[in-house]
Amino acid sequence: MRQAVITFGDSRRRPGLCPRRGTALRLAGLVLAGLCSLQAALAAEPKKLTLGTNVDETNFTGLWSRLLYAEAFKRLGMELQIVVAPLKRLEMLLERGEIDGEMIRGPAYGAAHPRLQVVELPLARLSYALYALQAPPGLRSLDDLASGRLRGAYRRGVVFCDEALRPRLAKQQLTAVTTVKQSVDMLAAGHADFICDVSMGIAQYEFETRTQGNKNRLQKLFDISPPQASSSYLLEKHAPFAAQLASTLKQMESEGLVEQYRLEALARLKPP
(Lines give C-alpha, C1' and ligand atoms only; values in the text may rest on other atoms or scores of the structure.)
Protein backbone atom coordinates (compact mmCIF):
# COMPACT_ATOMS: atom_id res chain seq x y z
CA MET A 1 0.00 0.00 0.00
CA ARG A 2 1.24 3.42 -0.91
CA GLN A 3 1.73 5.89 1.94
CA ALA A 4 -0.80 8.72 2.10
CA VAL A 5 0.51 12.24 1.55
CA ILE A 6 -1.39 14.92 3.47
CA THR A 7 -1.25 18.63 2.61
CA PHE A 8 -3.45 20.97 4.66
CA GLY A 9 -5.39 23.45 2.55
CA ASP A 10 -5.02 21.34 -0.63
CA SER A 11 -8.39 20.00 -1.89
CA ARG A 12 -6.93 17.53 -4.40
CA ARG A 13 -7.40 13.81 -3.65
CA ARG A 14 -4.30 11.85 -2.72
CA PRO A 15 -3.76 8.15 -3.30
CA GLY A 16 -5.04 6.07 -0.42
CA LEU A 17 -6.75 8.97 1.37
CA CYS A 18 -10.54 9.11 1.56
CA PRO A 19 -12.09 12.59 1.21
CA ARG A 20 -14.00 12.46 4.51
CA ARG A 21 -10.93 11.63 6.56
CA GLY A 22 -8.88 14.27 4.75
CA THR A 23 -11.51 16.90 5.50
CA ALA A 24 -11.52 15.99 9.17
CA LEU A 25 -7.74 16.20 9.35
CA ARG A 26 -7.71 19.54 7.61
CA LEU A 27 -10.31 20.90 10.06
CA ALA A 28 -8.30 19.57 12.96
CA GLY A 29 -5.25 21.32 11.60
CA LEU A 30 -7.11 24.61 11.26
CA VAL A 31 -8.45 24.37 14.81
CA LEU A 32 -4.95 23.61 16.11
CA ALA A 33 -3.52 26.53 14.17
CA GLY A 34 -6.22 28.82 15.56
CA LEU A 35 -5.51 27.73 19.11
CA CYS A 36 -1.81 28.30 18.59
CA SER A 37 -2.47 31.79 17.21
CA LEU A 38 -4.69 32.62 20.20
CA GLN A 39 -2.09 31.29 22.62
CA ALA A 40 0.61 33.33 20.91
CA ALA A 41 -1.55 36.48 21.07
CA LEU A 42 -2.19 36.03 24.77
CA ALA A 43 1.47 35.28 25.43
CA ALA A 44 2.42 38.43 23.53
CA GLU A 45 0.16 40.56 25.75
CA PRO A 46 2.41 42.48 28.13
CA LYS A 47 2.09 41.87 31.87
CA LYS A 48 1.90 45.62 32.52
CA LEU A 49 -0.31 48.23 30.90
CA THR A 50 0.03 51.99 31.21
CA LEU A 51 -3.22 53.93 31.21
CA GLY A 52 -3.65 57.68 31.23
CA THR A 53 -6.09 59.85 33.14
CA ASN A 54 -6.44 63.57 33.79
CA VAL A 55 -7.42 63.13 37.47
CA ASP A 56 -5.42 61.87 40.44
CA GLU A 57 -6.52 59.95 43.53
CA THR A 58 -7.60 63.15 45.31
CA ASN A 59 -10.39 63.38 42.71
CA PHE A 60 -13.56 61.39 43.47
CA THR A 61 -13.83 59.89 39.98
CA GLY A 62 -10.07 59.33 39.93
CA LEU A 63 -10.12 57.41 43.21
CA TRP A 64 -13.26 55.45 42.32
CA SER A 65 -11.83 54.32 38.98
CA ARG A 66 -8.47 53.44 40.57
CA LEU A 67 -10.13 51.22 43.18
CA LEU A 68 -12.13 49.52 40.45
CA TYR A 69 -9.20 49.00 38.10
CA ALA A 70 -6.83 47.84 40.83
CA GLU A 71 -9.15 44.92 41.60
CA ALA A 72 -9.84 44.15 37.91
CA PHE A 73 -6.14 44.09 36.99
CA LYS A 74 -5.38 41.97 40.07
CA ARG A 75 -7.93 39.39 38.94
CA LEU A 76 -6.41 39.36 35.45
CA GLY A 77 -2.84 39.03 36.72
CA MET A 78 -1.80 42.33 35.16
CA GLU A 79 0.18 45.25 36.57
CA LEU A 80 -1.41 48.67 36.14
CA GLN A 81 0.64 51.84 35.72
CA ILE A 82 -1.16 55.19 35.65
CA VAL A 83 0.00 58.42 34.02
CA VAL A 84 -1.73 61.67 35.02
CA ALA A 85 -1.72 64.48 32.44
CA PRO A 86 -4.12 66.95 30.78
CA LEU A 87 -6.59 65.40 28.34
CA LYS A 88 -4.98 66.77 25.18
CA ARG A 89 -1.56 65.57 26.31
CA LEU A 90 -2.96 62.09 26.95
CA GLU A 91 -4.44 61.99 23.46
CA MET A 92 -1.02 62.75 21.99
CA LEU A 93 0.69 60.10 24.15
CA LEU A 94 -1.84 57.50 23.05
CA GLU A 95 -1.50 58.38 19.37
CA ARG A 96 2.28 57.92 19.70
CA GLY A 97 1.86 54.60 21.53
CA GLU A 98 3.58 55.92 24.66
CA ILE A 99 0.63 54.78 26.79
CA ASP A 100 -1.64 51.77 26.22
CA GLY A 101 -4.95 53.50 26.76
CA GLU A 102 -7.03 56.02 28.67
CA MET A 103 -9.06 55.24 31.77
CA ILE A 104 -12.12 57.48 31.34
CA ARG A 105 -13.45 59.15 28.21
CA GLY A 106 -16.85 59.89 26.73
CA PRO A 107 -18.35 58.44 23.51
CA ALA A 108 -17.29 61.45 21.42
CA TYR A 109 -13.66 60.51 22.05
CA GLY A 110 -14.28 56.99 20.78
CA ALA A 111 -16.05 58.32 17.69
CA ALA A 112 -13.01 60.48 16.94
CA HIS A 113 -10.69 57.45 17.35
CA PRO A 114 -12.62 54.51 15.85
CA ARG A 115 -9.66 52.10 15.87
CA LEU A 116 -9.36 52.12 19.65
CA GLN A 117 -10.81 49.26 21.70
CA VAL A 118 -13.75 50.33 23.90
CA VAL A 119 -14.25 49.03 27.43
CA GLU A 120 -17.46 50.40 28.93
CA LEU A 121 -17.09 51.39 32.56
CA PRO A 122 -19.86 50.76 35.13
CA LEU A 123 -19.38 54.24 36.62
CA ALA A 124 -21.70 57.24 36.76
CA ARG A 125 -22.95 58.31 33.36
CA LEU A 126 -21.55 61.49 31.82
CA SER A 127 -23.36 64.53 30.50
CA TYR A 128 -22.13 67.77 28.97
CA ALA A 129 -23.56 71.18 29.74
CA LEU A 130 -23.00 74.92 29.68
CA TYR A 131 -22.37 76.67 33.02
CA ALA A 132 -22.05 80.28 34.14
CA LEU A 133 -21.77 82.41 37.26
CA GLN A 134 -24.71 84.47 36.01
CA ALA A 135 -26.95 83.30 33.20
CA PRO A 136 -26.36 85.42 30.07
CA PRO A 137 -29.69 86.89 28.85
CA GLY A 138 -31.13 85.03 25.91
CA LEU A 139 -28.89 81.95 26.16
CA ARG A 140 -31.27 78.99 26.33
CA SER A 141 -29.83 76.65 23.69
CA LEU A 142 -26.77 76.21 21.48
CA ASP A 143 -28.67 77.90 18.63
CA ASP A 144 -28.61 81.16 20.62
CA LEU A 145 -24.83 81.32 20.17
CA ALA A 146 -25.45 82.45 16.60
CA SER A 147 -25.95 86.00 17.87
CA GLY A 148 -22.16 86.36 17.93
CA ARG A 149 -22.06 88.35 21.17
CA LEU A 150 -21.14 85.60 23.67
CA ARG A 151 -17.73 84.22 24.61
CA GLY A 152 -17.12 80.70 25.87
CA ALA A 153 -14.38 78.54 27.34
CA TYR A 154 -13.85 74.77 27.58
CA ARG A 155 -11.14 72.34 28.63
CA ARG A 156 -8.78 71.07 25.94
CA GLY A 157 -9.49 67.42 25.23
CA VAL A 158 -13.20 67.56 26.13
CA VAL A 159 -14.09 66.51 22.61
CA PHE A 160 -17.86 66.89 22.89
CA CYS A 161 -17.62 70.55 23.95
CA ASP A 162 -15.06 71.28 21.25
CA GLU A 163 -17.27 69.80 18.53
CA ALA A 164 -20.40 71.53 19.84
CA LEU A 165 -18.94 75.02 20.18
CA ARG A 166 -16.35 75.40 17.45
CA PRO A 167 -18.84 75.53 14.52
CA ARG A 168 -21.00 78.06 16.40
CA LEU A 169 -18.43 80.57 17.66
CA ALA A 170 -15.77 82.62 15.93
CA LYS A 171 -12.18 81.79 16.81
CA GLN A 172 -11.77 84.87 19.01
CA GLN A 173 -14.94 83.99 20.95
CA LEU A 174 -13.79 80.54 22.13
CA THR A 175 -10.90 79.80 24.49
CA ALA A 176 -9.46 76.39 25.36
CA VAL A 177 -8.00 76.03 28.85
CA THR A 178 -6.39 73.23 30.86
CA THR A 179 -8.45 73.05 34.06
CA VAL A 180 -11.97 73.76 35.28
CA LYS A 181 -10.54 76.38 37.65
CA GLN A 182 -9.03 78.29 34.75
CA SER A 183 -12.37 78.39 32.96
CA VAL A 184 -14.17 79.55 36.13
CA ASP A 185 -11.50 82.22 36.64
CA MET A 186 -12.27 83.46 33.12
CA LEU A 187 -15.93 83.79 34.08
CA ALA A 188 -15.04 85.68 37.26
CA ALA A 189 -12.74 88.04 35.36
CA GLY A 190 -15.37 88.76 32.71
CA HIS A 191 -13.36 87.13 29.92
CA ALA A 192 -16.03 84.50 29.23
CA ASP A 193 -19.83 84.45 29.47
CA PHE A 194 -20.17 80.68 29.85
CA ILE A 195 -18.09 77.53 30.05
CA CYS A 196 -18.68 74.05 28.67
CA ASP A 197 -17.56 70.91 30.49
CA VAL A 198 -18.43 67.36 31.46
CA SER A 199 -20.61 66.83 34.54
CA MET A 200 -17.95 64.86 36.42
CA GLY A 201 -15.39 67.64 35.99
CA ILE A 202 -17.76 70.31 37.32
CA ALA A 203 -18.89 68.11 40.22
CA GLN A 204 -15.28 67.54 41.24
CA TYR A 205 -14.49 71.26 41.09
CA GLU A 206 -17.46 72.02 43.36
CA PHE A 207 -16.46 69.19 45.69
CA GLU A 208 -12.92 70.54 46.03
CA THR A 209 -13.93 74.17 46.56
CA ARG A 210 -16.87 73.57 48.89
CA THR A 211 -14.85 74.11 52.06
CA GLN A 212 -12.53 76.80 50.70
CA GLY A 213 -14.94 79.71 50.94
CA ASN A 214 -15.23 79.83 47.15
CA LYS A 215 -17.65 82.56 46.06
CA ASN A 216 -17.70 81.52 42.41
CA ARG A 217 -20.70 79.20 42.52
CA LEU A 218 -21.56 77.81 39.11
CA GLN A 219 -25.08 77.37 37.81
CA LYS A 220 -25.96 74.99 35.02
CA LEU A 221 -27.56 76.74 32.06
CA PHE A 222 -28.63 73.62 30.13
CA ASP A 223 -27.41 70.20 29.05
CA ILE A 224 -26.10 69.83 25.53
CA SER A 225 -26.13 66.00 25.59
CA PRO A 226 -28.16 63.19 27.11
CA PRO A 227 -26.43 61.06 29.78
CA GLN A 228 -23.71 58.94 28.18
CA ALA A 229 -21.69 55.96 29.35
CA SER A 230 -18.07 56.53 30.30
CA SER A 231 -15.55 54.14 28.79
CA SER A 232 -11.90 53.20 28.73
CA TYR A 233 -10.09 53.13 25.41
CA LEU A 234 -7.17 50.82 24.65
CA LEU A 235 -4.87 50.53 21.67
CA GLU A 236 -6.04 48.14 18.96
CA LYS A 237 -3.26 45.64 19.75
CA HIS A 238 -4.79 45.08 23.19
CA ALA A 239 -8.10 43.77 21.83
CA PRO A 240 -7.86 40.36 23.61
CA PHE A 241 -7.21 42.05 26.95
CA ALA A 242 -9.98 44.61 26.37
CA ALA A 243 -12.51 41.77 26.08
CA GLN A 244 -11.21 40.16 29.29
CA LEU A 245 -11.28 43.48 31.13
CA ALA A 246 -14.86 44.22 30.06
CA SER A 247 -15.98 40.79 31.25
CA THR A 248 -14.18 41.22 34.58
CA LEU A 249 -15.74 44.64 35.22
CA LYS A 250 -19.22 43.29 34.51
CA GLN A 251 -18.60 40.44 36.95
CA MET A 252 -17.43 42.92 39.60
CA GLU A 253 -20.55 45.00 39.01
CA SER A 254 -22.76 41.95 39.57
CA GLU A 255 -20.90 41.34 42.86
CA GLY A 256 -21.75 44.85 44.08
CA LEU A 257 -18.13 46.01 44.08
CA VAL A 258 -18.75 49.07 41.89
CA GLU A 259 -21.11 50.56 44.46
CA GLN A 260 -18.85 49.46 47.31
CA TYR A 261 -15.89 51.30 45.79
CA ARG A 262 -18.05 54.38 45.13
CA LEU A 263 -18.98 54.59 48.82
CA GLU A 264 -15.36 53.96 49.83
CA ALA A 265 -14.16 56.80 47.58
CA LEU A 266 -16.77 59.16 49.02
CA ALA A 267 -15.82 58.24 52.57
CA ARG A 268 -12.09 58.73 51.97
CA LEU A 269 -12.54 62.11 50.24
CA LYS A 270 -15.30 63.53 52.42
CA PRO A 271 -14.41 67.15 53.31
CA PRO A 272 -13.67 67.70 57.01
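Colleague: Let's start with salt bridges: how many does the count come to?
Modeller: Keep in mind that we're looking at a predicted model. Side chains of opposite charge can pair when their charged atoms come close. To count here, a side-chain nitrogen of Lys or Arg has to be within 4 Å of a carboxyl oxygen of Asp or Glu. By that rule, the number of salt bridges is 14.

Colleague: Which residue forms a salt bridge with Arg66, and is that partner buried, partly exposed or exposed?
Modeller: Arg66 has a relative accessible area of 14%, so it's buried. Its closest N and O atoms across the salt bridge with Glu57 are 3.8 Å apart. Glu57 has 47% relative accessibility, and since the in-between class runs from 20% to 50%, the answer is Glu57, partly exposed.

Colleague: How far apart are the closest N and O atoms of Arg96 and Glu98?
Modeller: Arg96 has a relative accessibility of 46%, so it counts as partly exposed. Glu98 is partly exposed too, at 48%. These two form a salt bridge, and the closest N and O atoms are apart by 2.7 Å.

Colleague: How many residues apart are Arg115 and Glu236?
Modeller: Their side chains meet in a salt bridge, at 2.9 Å from N to O. Arg115 sits in the loop between helix 4 (107-112) and strand 4 (117-120), while Glu236 is in the loop between strand 10 (231-234) and helix 8 (239-254). So the pair links distant parts of the chain, with a separation of 121 residues.

Colleague: Is Arg115 buried or exposed?
Modeller: Exposed means over 50% relative accessible area. Glu236, its salt-bridge partner, is at 41% and so counts as partly exposed. Arg115 is at 62%, so the word for Arg115 is exposed.

Colleague: Which residues are joined into one network by salt bridges that share partners?
Modeller: Here the salt bridges have partners in common, and that ties the residues together. The members of this network are Glu71, Arg75 and Glu255.

Colleague: What is the order of the strands in the open sheet that has strand 2 at an edge?
Modeller: Strands of a sheet pair through backbone hydrogen bonds, either parallel or antiparallel. This sheet has 5 strands with mixed pairing. Strand 2 (79-84) and strand 4 are the edge strands, each pairing on one side only. Reading across, the order is 2-1-3-10-4.

Colleague: In that sheet, which residue of strand 3 is the bridge partner of Leu51?
Modeller: Strand 1 (residues 48-53) and strand 3 (residues 101-105) run parallel, and 2 bridges join them. For Leu51, the bridge partner in strand 3 is Gly101.

Colleague: Which helix packs on this sheet and touches strand 1, strand 2 and strand 3?
Modeller: Look at residues 87-95. The direction of this helix makes about 145 degrees with that of strand 3. Another one, helix 8, lies across strand 1, strand 4 and strand 10, at about 10 degrees to strand 4. The helix you want is helix 3.

Colleague: Is Glu91 buried or exposed?
Modeller: You'll find Glu91 in helix 3. Leaving aside neighbours within four places in sequence, Glu91 is in contact with Glu102, Arg105, Tyr109 and His113. Buried means under 20% relative accessible area. Glu91 has 10%, so Glu91 is buried.

Colleague: Why is one side of strand 7 and of strand 9 left without a neighbour in the sheet?
Modeller: These strands belong to an open sheet of 5 strands in the order 7-6-8-5-9, with mixed pairing. Strand 7 (174-177) and strand 9 (219-223) stand at its edges. One side is left free because each has a single partner strand.

Colleague: Which residue in strand 7 is the bridge partner of Tyr154?
Modeller: Strand 6 (residues 152-155) runs parallel to strand 7, and 4 bridges join the two. Within strand 7, the bridge partner of Tyr154 is Ala176.

Colleague: What angle does the direction of helix 7 make with that of strand 8?
Modeller: Helix 7 (residues 199-209) packs on the sheet. It touches strand 5 (128-132), strand 6 and strand 8 (194-198). With strand 8, the direction of helix 7 makes an angle of about 105 degrees.

Terms used
Residues are numbered from 1 along each chain as its sequence is written. This is a predicted model: local features need pLDDT of at least 70, side-chain atom pairs count only at pLDDT 80 or more; totals for chains, interfaces and linings use all residues. Side-chain values use heavy atoms; hydrogens and water are left out. Buried means under 20% relative accessible area, exposed over 50%, partly exposed in between (1.4 Å probe, protein chains only). Helices (H or I, at least four residues) and strands (E, at least two) are DSSP runs, numbered from the N terminus. Two strands pair if DSSP finds at least two bridges between them. Contact means heavy atoms within 4.5 Å. Axes are lines fitted to C-alpha atoms, for helices over the stretch in contact, and angles run from 0 to 180 degrees between N-to-C directions.
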